[in-house]
Amino acid sequence: MKVQQVNRFERNDKLSFGYRREVILINTMLQTITINLWDDLALNEGQLLKENCIKNSIVSFYNLKMSTYHRFPQLQSTFTTGMLQNPKCNETERINLWLEHIVGKRSLNRLWVAKSIKECEEIKLEQLMDKKITLKNDMHYWFKATICEIENKSKPWYEACASCLKEIIKTTKGISCSNCTKQHVQIIQRYRLRMTVRDNDTSARLTLFEDVASDLLVAQ
Ligand SMILES: [Zn+2]
């Protein structure tokens, strides 16, 4: 489980603020799912989760609703959503047994990365940069490369439009989003790390967002 920082955004009425927090869970099939907690749940239960987020915690949610973001399913909290940490039930026991036998002393996150890479097709950075292959939609690929330089280590975030997540533009007239073509949009801060990577003679500029970017910053 990974619990992100809470984001505050201005509501459409311009009079109040809303709150959103992402929680990323891994199930026993080593699949990830993102849950967006909104408002009170983001602030209270979300903060509790963040503070008590010990390794391999088990959490159960009820009354969530489903949505998709960039073709990936996401769950959203509703007014009736509730949450339990390490609930006393058979399912918790089953997951604990799985953690003991399958995960053991390894890290759940590393298992997930290893499993995800196995399901992807390996490509060379050179093939990608020289457009020697056609990438298929709905397919994941991986390549090996080393980081040469991180360009924005001192400011690894950007100010984004809360509804479309694109970078906002600040002018003398105010804050606008060119994507939503709206003035005075709500702003959230998102991680964005720009870097140059290299494999043999090929180099490429790479941009990482959110948890991938923050994981790398922590690892550094
Ligand atoms: Zn926008």
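Phe61 is located in strand 5, which covers residues 59-69. The structure described here is a predicted model. With 17 other C-beta atoms within 10 Å, Phe61 is partly exposed, because a residue counts as buried only from 20 such atoms and as exposed at 12 or fewer. Beyond its neighbours within four places in sequence, Phe61 is in contact with Ile35, Thr81 and Met83. His140 lies 79 residues from Phe61 along the chain, and the C-alpha atoms of Phe61 and His140 are separated by 29 Å.

The protein chain as a whole contains five helices and 15 strands. Its C-alpha trace spans about 55 × 55 × 30 Å along the principal axes. Of the 220 residues in the protein chain, 11% are buried. Among contacts with a separation of 6 or more, 45% join residues that are 24 or more positions apart. The mean pLDDT of the protein chain is 87, and 100% of its residues reach 70 or more. Among the elements, the highest mean pLDDT, 94, belongs to strand 9 (residues 146-150), and the lowest, 76, to strand 13.

The domain assignment divides the protein chain into domain 1 (1-119) and domain 2 (121-220). The C-alpha centres of domain 1 and domain 2 are 23 Å apart. Eight residues from domain 1 and six residues from domain 2 take part in the contact. On the side of domain 1 that touches domain 2, strand 2 supplies the largest share, three residues.

Strand 2 (residues 7-10) also pairs with strand 3 (residues 17-26), running antiparallel to it and joined to it by four bridges. Within this pairing, Glu10 stands opposite Phe17 of strand 3. Strand 2 and strand 3 form a hairpin, and six residues lie between them. In the turn of this hairpin, Lys14 has a positive phi of about 60 degrees.

The loop that leads from strand 3 to strand 4 contains Leu30. Although Leu30 is not a glycine, its phi is positive, at about 60 degrees. Leu30 is partly exposed, with 16 other C-beta atoms within 10 Å. A further positive phi, of about 50 degrees, occurs at Lys131, which is likewise not a glycine. Lys131 is placed in the loop between helix 4 (125-129) and strand 8 (141-142). Here the C-beta count is 8 within 10 Å, so Lys131 is exposed.

The largest nonpolar core has eight residues in all: Met1, Val3, Val23, Ile35, Leu37, Leu41, Ala42 and Leu49. Two or more residues of this core are given by each of strand 4 (32-38) and helix 1 (39-51). Helix 1 gives the most, with three residues. One of the core residues, Leu49, touches Val3, Val23 and Val59 when residues up to four places away in sequence are not counted. Another core, of six residues, lies apart from this one and includes Ala160, Cys161, Ile168 and Cys177. Ile35, a member of the largest core, is also one of the contacts of Phe61.

Helix 2 (residues 90-103) has 14 residues. From its first C-alpha to its last, helix 2 reaches 19 Å, close to the 20 Å expected at 1.5 Å a residue. Helix 2 is hardly covered, as the count of buried residues among its 14 residues is zero. Gly104, just after helix 2, takes a positive phi of about 55 degrees.

An open sheet is formed by three strands in the order 11-12-13, with antiparallel pairing. Strand 11 (169-171) and strand 13 (182-183) stand at the edges and have a single partner strand each, so one side of each is left without a neighbour in the sheet. Strand 12 (residues 174-177) pairs with strand 13 in the antiparallel sense over two bridges. One of the residue pairs here is Ser176 with Gln183, its bridge partner in strand 13. Strand 13 is also the element with the lowest mean pLDDT, 76.

Notes. Residues are numbered from 1 along each chain as its sequence is written. This is a predicted model: local features need pLDDT of at least 70, side-chain atom pairs count only at pLDDT 80 or more; totals for chains, interfaces and linings use all residues. Two strands pair if DSSP finds at least two bridges between them. A nonpolar core is a set of buried Ala, Val, Leu, Ile, Met, Phe, Trp, Tyr and Cys residues joined through C-beta atoms within 7 Å. Two residues are in contact if their C-beta atoms, placed from the backbone, lie within 7 Å. The expected span of a helix is 1.5 Å times one less than its number of residues. pLDDT is the predictor's confidence in each residue, from 0 to 100. Domain bounds come from an automatic or database domain assignment.
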